[in-house]
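User: Please take one part of this model and examine it closely. Begin with a single loop residue, then work outward to whatever surrounds it, and state the criteria behind each term.

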Amino acid sequence: MRSLDDTIAAIATPAGEGGIAVVRVSGPRAAAVAAALLRRKDGSPPPLDPWSVRLAQVWLPGPPDGRGPLDEALVLWMPGPGSYTRDDVLEIQCHGGPAAARGVLDAVLACGVRLADPGEFTLRAYLNGRLDLLQAEAVLDVVRARTEAALRIHEGLLGGRLSREVQGWQESLTGALALVEAYLDFPDEDVGELDRERVRIAVADLTGALEEKLATFAWGRTSRDGFGVALVGAPNTGKSSLLNRLLEEERAIVSPVPGTTRDTIEAWLNALGVSVRIFDTAGLRGPADSLEAEGVRGARAAGEGAPRGGV
């Protein structure tokens, strides 16, 4: 396991072009990174005021003499334990082009900082006690939420709603267990008769709460993964036309020639707030060649609820 004493850094925004990119630094050397890289226009280091945004230039490590700035950025300093990871955190909001973001990250890594592993910022938040395991698992689901309904569900998990419910169940079960153990372990002591009805009610209430929560599992998983819908049928029955109409774009080729669709086409659709993963498939018929035979095989798999790549 990696050491929590390491200072880690990574680009925290998606790859590609954008208005800004965020390079996040977390760990005991975060302040040293700021001192080494950040300069005001007069060449002096900017003050690191907690929870304040500063405009600064990002320079290569080392003396600034004869060196120009890599980029101009907004800098946010978040000292621990009030940060996301509970370590000292420095965020550099540079321009969002790939060269600018990579250049700033390389400069940070040259200061004796290690590249973060995937998910390591959230791992540190968990190991440092800021998030519990349920909340840590919800972080990625919040990031990947495709609809408002899915976002609400996973934001509730991230906020600790399920964690509080689990804690209540644990306390209820512990209380019932304490009654039984006291009665069994100290039969000669004056602990009174076992209140069987109290234990029965506690266990019944807990069982009902768990069954109710388990009944919501399928919907919670669907909100994350989406419904899988396959368009399956004979050739030239409008499957590709329906896909294009639903997506409001020409995603699939439409032709009067049978067998135009040979591979399974996959797309995501937001249908009244519900995420739908929709598949356009090859027409079901006796294939004319081996290539079309593969398309028909994929269509049958999709129709049976097992599209290639999984749902």
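Analyst: Trp-51 is placed in the loop between strand S3 (38-39) and strand S4 (53-58). Here helices (H or I, at least four residues) and strands (E, at least two) are DSSP runs numbered from the N terminus. The model is predicted, so local features are given at pLDDT of at least 70 and side-chain atom pairs only at pLDDT 80 or more, whereas totals for chains, interfaces and linings use all residues. Residues are numbered from 1 along each chain as its sequence is written, and side-chain values use heavy atoms, with hydrogens and water left out.

The backbone of Trp-51 has a phi near 60°, a positive value in a residue other than glycine. Most residues other than glycine have a negative phi, and most peptide bonds are trans. Trp-51 counts as partly exposed because its relative accessible area is 48%; buried means under 20%, exposed over 50%, and partly exposed in between, with a 1.4 Å probe and protein chains only.

The two strands that flank this loop belong to an open sheet of seven strands, in the order S3-S4-S5-S6-S2-S1-S7 and with mixed pairing. Two strands are taken to pair if DSSP finds at least two bridges between them. S3 and S7 stand at the edges with a single partner strand each, so one side of each has no neighbour in the sheet. S3 is joined to S4 by two bridges, and these strands run antiparallel. Leu-38 stands opposite Val-58 of S4.

Val-58 also leads onward across the sheet, since its bridge partner in S5 is Asp-71. S4 and S5 are antiparallel and share six bridges. S5 itself is mostly covered, with six of its eight residues buried. Five bridges then connect S5 to S6, again in an antiparallel arrangement, and Leu-76 is positioned opposite Glu-91 in S6. In a regular strand the side chains alternate between the two faces of the sheet.

The loop between strand S5 (71-78) and strand S6 (89-95) contains Pro-81, and the peptide bond from Gly-80 to Pro-81 is cis, with omega near 5°. Arg-86 lies in the loop between S5 and S6. Its phi is near 70°, a positive value in a residue other than glycine. With a relative accessible area of 38%, Arg-86 is partly exposed.

At the other edge of the sheet, Gly-112 occupies the loop between helix H2 (98-109) and strand S7 (114-115). A relative accessible area of 56% is why Gly-112 is classed as exposed. Gly-112 and Thr-7 are 105 residues apart in sequence, yet their C-alpha atoms are 8.0 Å apart in space.

Further along the chain, helix H3 (residues 120-127) contributes to a surface feature, giving three residues to a nonpolar patch, the most of any contributor. The patch consists of Leu-4, Leu-123, Tyr-126, Leu-127 and Leu-133, which together have about 410 Å² of accessible area. Such patches are made of residues with over 30% relative accessible area and no salt bridge, like charges being joined within 9 Å and nonpolar side chains (Val, Leu, Ile, Met, Phe, Trp, Tyr) within 5 Å. A salt bridge is a side-chain nitrogen of Lys or Arg within 4 Å of a carboxyl oxygen of Asp or Glu, and accessible areas come from the Shrake-Rupley method with a 1.4 Å probe, only the protein chains shown counting as cover for residues. Leu-127 lies in H3 and is partly exposed, at 35% relative accessibility.

Another open sheet has three strands in the order S8-S10-S9, with mixed pairing. Strand S8 (227-231) and strand S9 (265-271) are the edge strands, each pairing on one side only. S8 and strand S10 (residues 274-280) run parallel and are joined by five bridges, with Val-229 opposite Ile-278 in S10. Arg-277 also lies in S10, and at 9% relative accessibility it counts as buried. The side chain of Arg-277 makes a polar contact of 2.6 Å with the side chain of Glu-266. A polar contact is a pair of N or O atoms within 3.5 Å; within protein, one must be able to donate a hydrogen and the other to accept it, and residues adjacent in sequence count only if both atoms are side-chain atoms.
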